[in-house]
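I opened my notebook for a new model today. The plan was to go through the fold, the core, the strands and the charged pairs, in that order.

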Amino acid sequence: MDALVQISGDDEITEFTELRGWLSGERALTGRTRVVRQPPGEGELGGALDTLVVTLGSGSAGIALVRALTTWLRTRRADVTITVTSPSGTVELNAQRVRDTAVLSLLEEILRDGDEEKLRDGDER
């Protein structure tokens with residue numbers, strides 16, 4: 001299963017680059033993250049912003065992604081929103097509301113694989 005991660009906000013290019021580096025540094029996500037270039041739409045000169053694709057598969061990659069995105073958003077000073085899409089659905093996380101446990105639960109739900117542990121197990125907030 002793949003999760004598509006897109007960024008919107010104040011400085012999308014910088015934030016995208018920083019998030020890409022952040023996820024690349026996560027041991028559980030090593031080799032699971034790639035950039036997909038979006039083709040330009042009709043009448044556009046260039047493509048839309050790139051999308052990060054994270055291959056979750058089995059194991060704890062989904063939980064690692066949830067934790068990495070949550071931690072990364074907490075470090076943001078700008079108004080940044082991450083949209084995560086998986087076959088189970090789509091959720092938006094905003095840096096200003098990342099502490100809301102309901103949002104974290106939604107993200108866990110769309111990323112959850114039947115074999116993975118629950119986010120709350122052993123996770124300190």
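Below are my entries, topic by topic.

**Entry 1: overall layout**

I note at the start that this is a predicted model. I looked up the secondary structure and got three helices and five strands for the protein chain. Reading along the sequence, I wrote down the pattern β-α-β-β-α-β-β-α.

Next I checked burial for the chain as a whole: 36% of the 125 residues count as buried. The exposed surface comes to about 7100 Å², and carbon and sulfur atoms supply 45% of that. I also pulled the contacts with a separation of 6 or more, and 59% of them are between residues 24 or more positions apart.

**Entry 2: the core**

Which residues have the most contacts inside the largest nonpolar core? I got Val5, Leu19, Leu23, Leu65, Leu69, Ile82 and Val84, in a core of 25 residues. Then I asked which elements give two or more residues to this core. My list reads strand S1 (2–9), helix H1 (12–24), strand S3 (51–55), helix H2 (61–74), strand S4 (80–86) and strand S5 (89–94). H2 gives the largest share, eight residues.

**Entry 3: strand pairing**

I went through the strand pairs one at a time. S1 and S4 run antiparallel and are joined by six bridges. For a register check on that pair I picked Ser8, which stands opposite Thr81 in S4.

S1 also pairs with S3, again in the antiparallel sense, over four bridges. Here I used Ala3, whose bridge partner in S3 is Val54.

S4 and S5 pair in the antiparallel sense over six bridges. A hairpin through two residues makes the connection from S4 to S5. Val84 stands opposite Val91 in S5, and Val84 is also on my list of residues with the most contacts inside the core.

**Entry 4: Thr83**

I stopped at Thr83, which is found in strand S4. Is Thr83 buried or exposed? Its relative accessibility is 15%, so I put Thr83 down as buried, since the cut-off for that is under 20%.

I then looked up what Thr83 touches, leaving out residues up to four places away in sequence. The set is Leu4, Val5, Gln6, Thr90, Val91 and Glu92. I placed these against the strand ranges: S1 covers 2–9 and S5 covers 89–94.

A reminder to myself while looking at the strands: in a regular strand the side chains alternate between the two faces of the sheet.

**Entry 5: Arg37**

Where does Arg37 lie? I found Arg37 in the loop between strand S2 (33–36) and S3. At 61% relative accessibility, Arg37 counts as exposed. The side chain of Arg37 makes a polar contact with the side chain of Asp50, at 2.3 Å. I also took a C-alpha separation here: Arg37 and Thr51 are 14 residues apart along the chain, and their C-alpha atoms are separated by 6.5 Å.

**Entry 6: salt bridges**

How many salt bridges are there? The count comes to four, and I wrote up three of them.

One is between the side chains of Asp2 and Arg34, at 3.6 Å from N to O. Asp2 lies in strand S1 and Arg34 in strand S2, so this pair ties together parts that are 32 residues apart in sequence. Asp2 is partly exposed, with a relative accessible area of 31%, and Arg34 is partly exposed too, at 40% relative accessibility.

Arg76 took up the rest of the page. Arg76 forms a salt bridge with Glu15, and the closest N and O atoms are 2.8 Å apart. Arg76 lies in the loop between H2 and S4 while Glu15 lies in helix H1, so parts that are 61 residues apart in sequence are tied together. Glu18 forms a salt bridge with Arg76 as well, with the closest N and O atoms 2.6 Å apart. Glu18 lies in helix H1, so that pair ties together parts that are 58 residues apart in sequence.

I checked burial for the trio. Glu15 is buried, with a relative accessible area of 8%. Arg76 counts as buried at 17% relative accessibility. Glu18, at 37%, counts as partly exposed. My last line of the day: Glu15, Glu18 and Arg76 are linked in a network of salt bridges.

Conventions:
Residues are numbered from 1 along each chain as its sequence is written. This is a predicted model: local features need pLDDT of at least 70, side-chain atom pairs count only at pLDDT 80 or more; totals for chains, interfaces and linings use all residues. Side-chain values use heavy atoms; hydrogens and water are left out. A nonpolar core is a set of buried Ala, Val, Leu, Ile, Met, Phe, Trp, Tyr and Cys residues joined through side-chain atoms within 4.5 Å. Buried means under 20% relative accessible area, exposed over 50%, partly exposed in between (1.4 Å probe, protein chains only). A polar contact is a pair of N or O atoms within 3.5 Å; within protein, one must be able to donate a hydrogen and the other to accept it, and residues adjacent in sequence count only if both atoms are side-chain atoms. Two strands pair if DSSP finds at least two bridges between them. Contact means heavy atoms within 4.5 Å. Accessible areas come from the Shrake-Rupley method with a 1.4 Å probe; for residues, only the protein chains shown count as cover.
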